Amino acid sequence: MGKRSRQRQKTQNTGRDDRDNRDNAGWGAGYADIVKENKLFEHYYQELGLVPEGEFEEFMNVMREPLPATIRITGYKSHAKEILHCLKEKYFKDIQEVEIDGLKIEAPQPLKWYPDEQAWHTNMSRKIIRKSPLLEKFHQFLVSETESGNISRQEAVSMIPPLLLKIESHHKILDMCAAPGSKTAQLIEMLHSDIDVPFPEGFVIANDVDNKRCYLLVHQAKRLNSPCIMVVNHDATCIPTLKIDLDGKKDILFYDRILCDVPCSGDGTMRKNIDVWKKWTTSNSLHLHGLQLRIAVRGVEQLAVGGRMVYSTCSLNPIEDEAVIAALLEKSEGTLELVDGSADLPGLKSMPGVNSWKLMTKEGQWFSDWSEVPVSRQTQIRPTMFPPTDPEKLANFHLERCMRILPHHQNTGGSLWLCW
């Protein structure tokens, strides 16, 4: 029993927001010998056809490039405006027309889809910012403001799920797999975004299975000085139901908003987590699918009627994405609706979710349907990994409403999001 629990904890940490945790590390540190090639990866995604026709070479070329540096201005509105003014008038002007190692540095630009110019990106990698003498003042500013909590060096695609939740000051929010906490910080900030509400009624419960990573959550929350955050340490697949005192009676706590940012294979993070190139195999997704589905089911069980849950991964694999959603919708028997969130973030380029896919083993064997899977493989491959076979049911699921982010479309990492 104890061994199984420890193994589950280890699995839940695999591939997940190491993508966020490594945002504070310099790109490429310690990875000089890793060759950015994985023929199995290329063959798998070419065969699935998830990248539009004629774009696969561009997709792979961008995957091999370092991820651009992106920053998000944190805190509350009045303070955030002061930081933005300082960045635009003092530091961004000095960066224009600079050339480093033959690369012409472009002036930082706001992310088109992030509200109020609170998130910016540049063609500089984190390595260039750290190492170049010409950018020393800018780097020192980023370091000091990050330590004080005014700026978060966060990957662009990592900023999207909290925005899709449409947080209001009275919402009760659960962040199921929260560490290291960059998205949790966004949720807290959104609770406090209305300056006319000095003390929000809502709160964020931030959970993570790893006790040590929970300390990162505490550190993130402490910088924001909010009384509306509680950090808990549980396995997300069986996170306890909480009870509250409502008008003198005990009642079950259901959440208005749930962020379900599950552990994943992380193949959308190859531009940053370069070891994924060497370690990637189709087995990773097959091993994680069951865990992802159990976490998503537990999230839905705690969602209030009329509430919204966002499921997100940093993986491009349908086994971790649309397959989990289809299985969840199947289990819900009509009580869940997959909504289209693309209009909520104008300017964000995304691809629709897919309605068909197939599985490949690490040996290169393909299966298009559960009926094709031999008995010897049925412990590793499960029926929920395949698309629904009923055309009418599949159409009613509206899996096309999932939002797929491809790296070459706007120079980012790769991810998938969807919401109920």
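Colleague: What makes strand 10 and strand 11 a pair, and how many bridges join them?

Modeller: In this predicted model, strand 10 (residues 243-246) and strand 11 (residues 249-252) run antiparallel and are joined by four bridges. Pairing requires at least two bridges, so strand 10 and strand 11, with four, qualify as a pair. Within this pairing, Leu246 stands opposite Lys249 in strand 11.

Colleague: What lies between strand 10 and strand 11?

Modeller: The two strands form a hairpin with two residues between them. Asp247, in the turn, has a positive phi of about 55°.

Colleague: Why is Arg404 called buried?

Modeller: Arg404 has a relative accessibility of 2%. The term buried applies under 20%, and therefore Arg404 counts as buried. Its place is in strand 17 (residues 403-405).

Colleague: Which groups does the side chain of Arg404 reach, and what makes the link to Glu322 a polar contact?

Modeller: The side chain of Arg404 reaches the backbone oxygen of Leu316 at 2.9 Å. A polar contact of 2.9 Å also joins the side chains of Arg404 and Glu322. The distance limit for such a contact is 3.5 Å, and the Arg404 to Glu322 value of 2.9 Å is within 3.5 Å.

Colleague: Which residues touch the most other members of the largest nonpolar core, and which helix gives the largest share?

Modeller: The largest nonpolar core has 63 residues, of which Tyr45, Met176 and Leu399 touch the most other members. Its largest share, seven residues, comes from helix 13 (residues 322-332). Apart from this core lies another, of 34 residues, including Leu111, Val204, Cys228 and Val310.

Colleague: With which residues is Met176 in contact, leaving aside its neighbours within four places in sequence?

Modeller: Among them are Asn207, Asp208, Ala236, Ile258, Cys260 and Arg298. Asp208 also appears under "binding site" in the unreviewed UniProt entry, in a list including Ala178, Lys183 and Asp261.

Colleague: How do you know that Ala178 and Asp261 are buried?

Modeller: Ala178, in the loop between strand 7 (172-175) and helix 9 (182-191), has a relative accessible area of 5%. Asp261, in strand 12 (residues 255-261), is at 2% relative accessibility. The cut-off for buried is under 20%, so Ala178 is buried and Asp261 is buried.

Colleague: What joins the side chains of Asp261 and Lys183?

Modeller: The side chains of Asp261 and Lys183 are joined by a polar contact of 3.2 Å. Set against the limit of 3.5 Å, the value for Asp261 and Lys183 is within 3.5 Å.

Methods. Residues numbered from 1 in each chain as written. Predicted model: local features only at pLDDT ≥ 70, side-chain atom pairs only at ≥ 80, totals over all residues. Heavy atoms only, no water. Buried < 20%, exposed > 50% of the residue type's maximum accessible area, 1.4 Å probe, protein only. Polar contact = N/O pair within 3.5 Å; in protein donor to acceptor, adjacent residues only side chain to side chain. Core = buried A, V, L, I, M, F, W, Y, C linked by side-chain atoms within 4.5 Å. Contact = heavy atoms within 4.5 Å. UniProt positions renumbered as here; feature names shortened; annotations may be inferred.
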